[in-house]
Amino acid sequence: QVQLVESGGGLVQAGGSLRLSCAASGGFFSINTMGWYRQAPGKQRDLVATSNTGGMTNYAESVKGRFTISRDNAKNTVYLEMNSLKPEDTAVYYCNVHGLRSRFSYSESVWWGQGTQVTVSS
């Protein structure tokens with residue numbers, strides 16, 4: 001079982017920046033992939049960015065060059081640095097983990113945080 005605690009959301013003016021954090025805790029040794037997804041009102045939940053243990057990152061085309069994902073594996077924490085924010089970025093941002101490694105096995109389980117609201121005003 002994994003618990004994800006997100007922080008850093010809030011209200012920001014267009015062109016501003018925010019830094020989201022997600023700390024994972026529970027009965028595991030390490031996490032394969034950590035990432036961020038977002039869901040705007042009336043829309044589906046879409047990928048924003050992911051990062052795996054090998055350092056490979058993946059970004060949605062709409063955020064490339066503006067957002068940066070990073071990880072602190074010692075703290076089981078993933079960050080999302082968001083710059084040049086636009087009103088279109090307004091959404092609930094969800095932390096996601098995929099793939100848990102324990103002392104004896106690996107699981108392809110998926111876990112979600114409760115979400116943190118990001119609102120960008122024009």
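User: I'm just getting my bearings here. In which loop is Asn 76?
Analyst: This is a predicted model, and Asn 76 is a handy place to start. S7 and strand S8 (residues 77–82) pair in the antiparallel sense over six bridges, and their hairpin has four residues between the strands. Asn 76 is in the loop between S7 and S8.

User: What is phi of Asn 76 near?
Analyst: Most residues other than glycine have a negative phi. Asn 76 isn't a glycine, yet its phi is positive. The value is near 50 degrees.

User: Is Asn 76 buried or exposed?
Analyst: The cut-off for buried is under 20% relative accessible area. Asn 76 comes in at 19%, so it counts as buried.

User: Which residue in the loop between S8 and strand S9 (91–101) has a positive phi near 50 degrees?
Analyst: Look in the loop between S8 and strand S9 (91–101). The residue there is partly exposed, because its relative accessibility is 41%. Its phi is near 50 degrees, a positive value in a residue other than glycine, and its name is Ser 84.

User: Back to S7. Which of its side chains point to one face and are buried?
Analyst: The side chains along S7 alternate between two faces. Thr 68, Ser 70 and Asp 72 point to one of them and are not buried. Pointing to the other face, and buried, are Phe 67, Ile 69 and Arg 71.

User: What is the bridge partner of Ile 69 in S8?
Analyst: Take the S7 residue Thr 68 as a warm-up: its bridge partner in S8 is Glu 81. For Ile 69, the bridge partner in S8 is Leu 80.

User: Which strands are the edge strands of the open sheet of four strands?
Analyst: The pairing in this sheet is antiparallel, with the order S1-S3-S8-S7. On average, neighbouring strands are turned by 15 degrees against each other, direction ignored. An edge strand pairs on one side only, and that picks out strand S1 (2–7) and strand S7 (67–72).

User: Which element gives the most to the largest nonpolar core?
Analyst: That core has 29 residues, and those touching the most other members include Phe 67, Leu 80 and Tyr 93. Elements giving two or more residues include S1, strand S3 (18–26), S7, S8 and strand S11 (116–121). The top contributor, with five residues, is S9.

User: Which residues of S7 and S8 does Val 48 touch, setting aside neighbours within four places in sequence?
Analyst: Val 48 is itself among the core residues that touch the most other members. Its contacts include Trp 36, Tyr 37, Asn 58 and Tyr 93. From S7 (67–72) and S8 (residues 77–82), the contacts are Phe 67 and Leu 80.

User: What is the relative accessible area of Thr 50?
Analyst: Thr 50 lies in strand S5. Leaving aside neighbours within four places in sequence, Thr 50 is in contact with Thr 33, Met 34, Gly 35, Tyr 37, Met 56, Thr 57, Asn 58 and Ile 69. Thr 50 is buried, with a relative accessible area of 13%.

User: How far apart are the C-alpha atoms of Ser 51 and Gly 35?
Analyst: Ser 51 is in strand S5 (residues 46–52), and Ser 51 is buried, with a relative accessible area of 7%. Among the residues Ser 51 touches, not counting those up to four places away in sequence, are Asn 32, Thr 33 and Met 34. Ser 51 and Gly 35 are 16 residues apart along the chain, and their C-alpha atoms are separated by 6.0 Å.

User: Which kind of aromatic pair do Tyr 37 and Trp 112 form?
Analyst: The structure holds one aromatic pair. The ring centres of Tyr 37 and Trp 112 are 5.1 Å apart; their planes meet at 70 degrees, and planes over 60 degrees apart make the pair edge-to-face.

User: How many residues apart in sequence are the parts this pair ties together?
Analyst: Tyr 37 lies in strand S4 (residues 30–39), while Trp 112 is in strand S10 (residues 106–112). Tyr 37 counts as buried at 19% relative accessibility, whereas Trp 112 counts as partly exposed at 38%. The pair ties together parts whose separation in sequence is 75 residues.

User: Which residue lies over the face of Trp 112?
Analyst: There's a charged end over a ring elsewhere too: that of Arg 19 sits over Tyr 79, 4.0 Å from the ring centre. At Trp 112, the distance to the ring centre is 4.7 Å, and the residue over the face is Arg 45.

Technical notes
Residues numbered from 1 in each chain as written. Predicted model: local features only at pLDDT ≥ 70, side-chain atom pairs only at ≥ 80, totals over all residues. Heavy atoms only, no water. Phe/Tyr/Trp six-rings, centres within 6.5 Å; stacked < 30°, edge-to-face > 60°. Buried < 20%, exposed > 50% of the residue type's maximum accessible area, 1.4 Å probe, protein only. Lys NZ or Arg CZ within 6 Å of the ring centre and 35° of its normal. Contact = heavy atoms within 4.5 Å. Pairing = 2+ DSSP bridges. Axes fitted to C-alpha atoms, helices over the stretch in contact; angles between N-to-C directions. Core = buried A, V, L, I, M, F, W, Y, C linked by side-chain atoms within 4.5 Å.
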